[in-house]
Structures are given as C-alpha cells and as structure tokens.
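User: Please take a close look at one part of this model, the nonpolar patch on its surface. Before that, tell me how far the prediction can be trusted along the chain.

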Amino acid sequence: MTLTNGAATPPSRTARGVLTGVGHLGQAPPLALPERRPSLARRAWTYWLGCAGFALALATTTGLGPHRVWGACAAVGYGTAAVLAARNSRAGNRAGAWAAVLGAVLVPLLVLVVSGAAQSEVGVVERSGALLVHTGSPYLPQPAHTVDYNPYLPGMALFGLPRALFGDSPLADARIWFCLTFLVCMFVAARRSDGGPGPTPVGAVSLLAGFPAVALPLTVGGVDLPVLGLMCLSLALAGRGGSGTAAGVAMGAAAALKWTAWPLLPVGLVLLAVTAGRRTALRAALAALSVAASAVVPVALADRHAFVEHVVLFPLGEGGVRSPAASPLPGRLLAVYVPGGAALATAALVAAAVGVTVSLLIRPPRTVRAAADRLAVGLGLAICLIPATRFGYLVLPLVLAGWFRCTSKTGGSPSAVPVSLPPCPAPMRPDSGHRLSGG
C-alpha cells in the first residue's frame, strides 16, 4: 500500500452521499413549506379603522355628553392608529396601539376629569366614600331617587375616599383609581401568565386598554373594570399555584366590590384544588371569605334595611325605585312582557348557576384559560337573565374569554401528551434552509 503526502483529497459528492445518506443520490427534495398567511399585525389597520368608525358613530348619535367627548377623541386616536399600522411594520403597529390608547383613553379622560363630566356611577361612588367617612355606611338610609341608590358592595366606596379626603383635586376623581386598579391588575396578571407567544405584558395591556369596550368605560367611569381586573388577577394567581393566599386575597377583594365577582369564587377555588391541591384551595377560600367579610359584614350589620334595599332589591328591579338598567336582554324582556316574568327570569338565573356549578364538579377546569372560559359562560348567562341589566356588563365575559388567550400559551389539560416530530432520516446541513418552530 502506497502512502502519498499532502492533503487528503476530499471525497466526491457521491461518496459523501453514500457515507452520510444525504448526497445527491436518493436525496429527498426540500420540504415544501406552506405559504405564510398575512399576519394579524399586517391587518391591524382594518381593526383600528373599524374602531374609528364606531367611535365616530357614537359621537354623532349619543345624547350623553361624556360619551360624545370620548367618541370625538377616540375617533382621532383610532384613525391615527390605522394610519400608523398601515405601514406594515412592527414599529408602526406598536405606535398605532399607543396612539389608540392616547386618543381613546388618556386625552378624553383628562378632558372629562378637568371638566367634571362623568357617568352617574362616578358620583354614586364618590358620595358613598363621603358617607363612609362621615356615617360609617356608604348607603343612604332612605333613598328616594335613582341616583340615591348605591347598588355596589361596601368595598367599592374605597374608590370614593380620595374625593372625600382631598376635595376637588383632579387626582381625587374616582375614575383615576378605577383606571389605575384595572391596568395594574391586568399587567400583573399578564406577568403571572405562562409566557405565551403573544405580546409582552405592556403590549397586551395597551391593546386591551385601546379596545373600545374597555376604553369607553375607562374614560367615562365604568365601575366594572376594577372588578374585572381583580378577577383576571385572581385567576392568574390561582393558575400559578403557590400557597393560594395571594389568589384568595385577590378573590376576596373582587367579591367586596360587586356581586358580579362572586361567581369567581367557586371557579377559582376549583382551579386551585385541581392544580395545587385541596389544602391550597381551602387556604385560598379562608383568605377570600375573610377579606370579603371584613368589608361587607360590618356595614350590613350597621343598617340591614339600607344594605338589602341598595345591594339586593335594587339590582333585581325590586327596590322602591326601578333600576335604570334596562337593556333588552332576555331577563329584562321576560320581566316586562311576560306575566310573572321576573320570577321566571330569577328561576332561569338559578338554574344557570346550578348548571355551571355541576359542570365544575363533573369536569373541573385544569388551566387558567379553561377556568376563565367557564367563568365567562356563567357571567354571560347571569347578565342575560338578570331582570335589570345593561349591555355594558358584557365586557366582563368578553375580556375573560379573550384575555388569557392572548397572554397564555396553554389551552388544554396539563396532562396532554405533547406532539413529537418523527426522527429525521439524516442530519441536515446548517444551510439547508429548513427550521422547526414551536406551535
């Protein structure tokens, strides 16, 4: 055998193919990747343009002054967002989202706070804060008119304390504290999620704040948003497990504000029981009931008649004065047009509550997203069946159903078997152009 000096001659391509199995002989053709669909980011301008149309229509048709101000400002903000997003660049989409927040939330909120214009709910909450300071109860003992009623649980009066303590300062406006509570809770909820492939927590919150169904109540004074923020925070904390105390405190805080938060308790506790164990769920239940009871029980005992009149009878349409909440949803239509319809609507509401409860026992939610969906269904049914209701309440199930889809990447059971790819018949060259991406 003769040895030759010098560099070894590289094997031919055919030889490499025989040795490695990826030569040109018998090599499989490159994979045909499917064409990419236009991303949602590239079509964002159509969404913002639709929002601008809605805001402009509201500004020209509503008879409510605060809503008219919001519509005019928001139409400009959404229109600017549509122009920026039409550039088909990620920077343009981010700038568009912030333009929407500026035009649909910050500017109209500043204008309305300075001018003192707001929905009647803001005045009710601020008066309840003053009553709590001076009388120990946020409820008028003898309400005679609609604006005299406070249908919220005692915890809501805390948002009225800045006005009672600091007077006419713009920072004492209850809407400022509604807004801050909602945004902070949603930001923390996004941080506590499992890191989905969607936007960052700041991006997710900015997109949510710019959504018309959220931006409008943020500006004119929607009391449901701080409740919604605490509900989302509670579910996010429950989904992370831990001791359960933090989730229980958040649940109790939400339950101390409004009755609409109470369906959160069974859903959140079942989620904790499934993901973290029964002891954790029990600890969370004790924390939630302690926080809610400390806010509600002393006030209820101080004046039981006023508490029942304001918080129980008035929302059901059975108080001394009829509730102005009269959107034509099924419960309202039954109460108005069917003999004994109020009793039928209440029975249907109870049946829906029982059905959701049974579903929690038979098929408990195992992920935050599943729990949020279950809560959204329950709240949606309740809002539709309560005799005194408003379309605006539907923001609760709407955000619950969508928020965790944007901020969470897990949607099925944690025990789901992951999908694995078949083994490659041969190693690929680094420059082959193929890549694998997680779904």
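Analyst: The mean pLDDT of the protein chain in this predicted model is 80, and 79% of the residues reach a score of at least 70. The elements do not share one level of confidence: helix H11 (residues 245–255) has the highest mean pLDDT, 95, while helix H1 (residues 13–20) has the lowest, 41. Residues 1–38 have a pLDDT under 50 throughout, and the model gives this stretch 17 contacts beyond four places in sequence. Another such stretch is residues 411–439, where the pLDDT is below 50; here the model has 16 contacts beyond near neighbours in sequence.

Now the patch. Val350, Val354, Val358, Leu361 and Ile362 make up a nonpolar patch on the surface. Together these residues have about 500 Å² of accessible area. One of them, Val354, belongs to helix H16, which runs over residues 341–362. Val354 counts as partly exposed because its relative accessible area is 47%, a value between the cut-offs of 20% for buried and 50% for exposed.

A residue in a loop can be set beside this one. Ala144 sits in the loop that joins helix H5 (120–135) and helix H6 (161–166). Its relative accessible area is 48%, so Ala144 is also partly exposed. In sequence, Ala144 and Val321 are 177 residues apart. In space, the distance between the C-alpha atoms of Ala144 and Val321 is 7.2 Å.

Technical notes
Residues numbered from 1 in each chain as written. Predicted model: local features only at pLDDT ≥ 70, side-chain atom pairs only at ≥ 80, totals over all residues. Heavy atoms only, no water. Helix = DSSP H or I, 4+ residues; strand = E, 2+ residues; numbered from the N terminus. Buried < 20%, exposed > 50% of the residue type's maximum accessible area, 1.4 Å probe, protein only. pLDDT = per-residue confidence, 0-100. Contact = heavy atoms within 4.5 Å. Patch = residues over 30% accessible without salt bridge, like charges linked within 9 Å, V, L, I, M, F, W, Y side chains within 5 Å. Areas by Shrake-Rupley, 256 points an atom, 1.4 Å probe, with all protein chains shown as cover. Salt bridge = Lys/Arg side-chain N within 4 Å of Asp/Glu carboxyl O.
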